[in-house]
Amino acid sequence: DGGRDRTTLAAVGAALASLLQGYHTGVIGGALLYLAPEFGLATDPKLTGAIVTATTVGSVVGTAAAARLSDGIGRGRTPAIAS
């Protein structure tokens, strides 16, 4: 059934995206161990949280911008502009 295959593909894509986002957040958390002493972030947990949140918001904004760009100029030319 075509509908079921598309649903399964969408679910797998969503799961993979979630896995990659979690990995990305973990990498940022690891980098903060070295950035916190360098920039004095250890004394301001709100700023540390804002940095981690900004990476997630940046991902969402970047994805939305890429989708709009791809709709406007086509999927073939979008990677050339992004790089």
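Exposed here means over 50% relative accessible area, buried means under 20%, and partly exposed is whatever falls in between. With that in hand, here are the views of this predicted model.

**View 1. The whole chain, three helices in a row.** Reading along the sequence, you get α-α-α. That's the full tally of secondary structure: 3 helices and 0 strands. The radius of gyration is 18 Å, while the globule rule gives 12 Å for 83 residues, so the chain is more spread out than a compact globule. Boxed along the principal axes, the C-alpha atoms take up roughly 55 × 30 × 15 Å.

**View 2. The surface of the chain.** Of the 83 residues, just 8% count as buried. The accessible surface adds up to about 6500 Å², and carbon and sulfur atoms account for 67% of that area. As for charge, the chain carries 6 positive and 5 negative ones. Take the mean position of each set and the two points sit 9 Å apart.

**View 3. A leucine patch on the surface.** Zoom in on Leu16, Leu19 and Leu20, which form a nonpolar patch. Together these three leucines offer about 310 Å² of accessible area. Leu19 belongs to helix α1, the stretch covering residues 2-39. Is Leu19 buried or exposed? Its relative accessible area is 57%, which is over the 50% cut-off, so Leu19 counts as exposed.

**View 4. Arg4, on helix α1.** Arg4 is another residue of helix α1. Its relative accessibility is 62%, and the bar for exposed is over 50%, so Arg4 goes down as exposed. For a sense of scale, look along to Ala14, 10 residues away in the chain. The C-alpha atoms of Arg4 and Ala14 are 15 Å apart.

**View 5. Ala31, also on helix α1.** Ala31 sits in helix α1 too. How far is Ala31 from Ala14, C-alpha to C-alpha? The two alanines are 17 residues apart along the chain, and their C-alpha atoms are separated by 26 Å. The relative accessible area of Ala31 is 32%, between the 20% and 50% cut-offs, so this alanine is partly exposed.

Note on methods:
Residues numbered from 1 in each chain as written. Predicted model: local features only at pLDDT ≥ 70, side-chain atom pairs only at ≥ 80, totals over all residues. Heavy atoms only, no water. Helix = DSSP H or I, 4+ residues; strand = E, 2+ residues; numbered from the N terminus. Rg over C-alpha atoms; globule rule 2.2 N^0.38 Å. Buried < 20%, exposed > 50% of the residue type's maximum accessible area, 1.4 Å probe, protein only. Areas by Shrake-Rupley, 256 points an atom, 1.4 Å probe, with all protein chains shown as cover. Lys, Arg positive; Asp, Glu negative; His and termini not counted. Charge placed at Lys NZ, Arg CZ, Asp CG, Glu CD. Patch = residues over 30% accessible without salt bridge, like charges linked within 9 Å, V, L, I, M, F, W, Y side chains within 5 Å. Salt bridge = Lys/Arg side-chain N within 4 Å of Asp/Glu carboxyl O.
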